[in-house]
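Biologist: Could you take a close look at one part of this model for me, the salt bridges and what they tie together? Take your time and walk me through it.

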Amino acid sequence: MKSNYHFSFEDLIVYQKAMEFAEIVNQLIQKFPKHEMFNLSSQFQRAADSIGYNIAEGSSGTDANFYRYLQIAWESTNESVCASTKARLRNYISFEEDEENRKRLTEISKMLTSLKNHLKSKISKNNNVDKI
């Protein structure tokens with residue numbers, strides 16, 4: 001069901017994919033051992049959630065500010081790759097699940113990079129390159 005209250009960042013496909021990935025991570029960590037609850041489970045969930053959070057938070061500011069938040073979201077994709085790898089190495093997820101995570105994160109990373117490049121171009125046209 002679609003909300004009657006809509007925010008423009010919700011139209012960004014990269015945001016939608018980030019939200020979907022975070023929900024996948026939430027499902028995956030359910031099978032992690034209890035001793036990981038405050039360690040890898042928490043770190044993986046926070047990194048995955050951070051991608052969407054930063055896209056949403058940065059979208060309401062200036063182009064330069066949005067660029068900064070997109071950089072943080074991009075860094076969170078890298079952190080998520082590391083968490084997924086650790087989960088695989090500890091046999092909490094399968095190779096195939098790790099590969100699917102990497103596939104999704106690669107797509108999100110490329111989309112974030114493309115959006116950042118678009119914003120950088122807009123900012124440089126306004127002679128505000130030094131603000132990035």
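Modeller: Let's start with Asp98 and Arg102, which form a salt bridge whose closest N and O atoms are 3.3 Å apart. Keep in mind that this is a predicted model. Both residues sit in helix 4, and because they are four residues apart there, about one helical turn separates them. An α-helix has 3.6 residues a turn, so residues three or four places apart point the same way. The two partners are not equally accessible: Asp98 is buried, at just 1% relative accessible area, while Arg102 is partly exposed at 28%. There's a network too, with Glu20, Glu100 and Arg104 joined by salt bridges that share partners.

One link in that network is the salt bridge from Arg104 to Glu20, with 2.5 Å between the closest N and O atoms. Arg104 belongs to helix 4 and Glu20 to helix 1, so this pair ties together parts that lie 84 residues apart in sequence. Both ends are partly exposed, Arg104 with a relative accessible area of 23% and Glu20 with 43%.

Next along is Glu97, whose side chain meets that of Lys31 in a salt bridge, 2.6 Å from N to O. Here too distant parts of the chain are linked, as Glu97 is in helix 4 and Lys31 in the loop between helix 1 and helix 2, 66 residues apart. Glu97 counts as partly exposed at 23% relative accessibility, and Lys31 is partly exposed as well, at 46%. As for the full tally, a search of the whole structure turns up eight salt bridges.

Since helix 1 keeps coming up, here's how it is built. Helix 1 covers residues 13-28, 16 residues in total, and reaches 23 Å from first C-alpha to last, close to the 22 Å expected at 1.5 Å a residue. Its buried residues are Val14, Tyr15, Ala18, Phe21, Ala22, Val25 and Leu28. Seen down the axis of helix 1, these fall within an arc of 140°, so they line one face of the helix. What do they pack against? The buried residues of helix 1 pack against helix 2, helix 3 and helix 4.

Helix 3 deserves a quick stop at Trp74, which is found there. Trp74 counts as partly exposed, at 25% relative accessibility. Setting aside neighbours within four places in sequence, Trp74 is in contact with Ser109, Leu112 and Thr113. Trp74 and Ser50 are 24 residues apart in sequence, with 9.5 Å between their C-alpha atoms.

How values were computed:
Residues are numbered from 1 along each chain as its sequence is written. This is a predicted model: local features need pLDDT of at least 70, side-chain atom pairs count only at pLDDT 80 or more; totals for chains, interfaces and linings use all residues. Side-chain values use heavy atoms; hydrogens and water are left out. Helices (H or I, at least four residues) and strands (E, at least two) are DSSP runs, numbered from the N terminus. Buried means under 20% relative accessible area, exposed over 50%, partly exposed in between (1.4 Å probe, protein chains only). Contact means heavy atoms within 4.5 Å. The expected span of a helix is 1.5 Å times one less than its number of residues. The arc is that of the directions from the helix axis to the C-beta atoms. A salt bridge is a side-chain nitrogen of Lys or Arg within 4 Å of a carboxyl oxygen of Asp or Glu.
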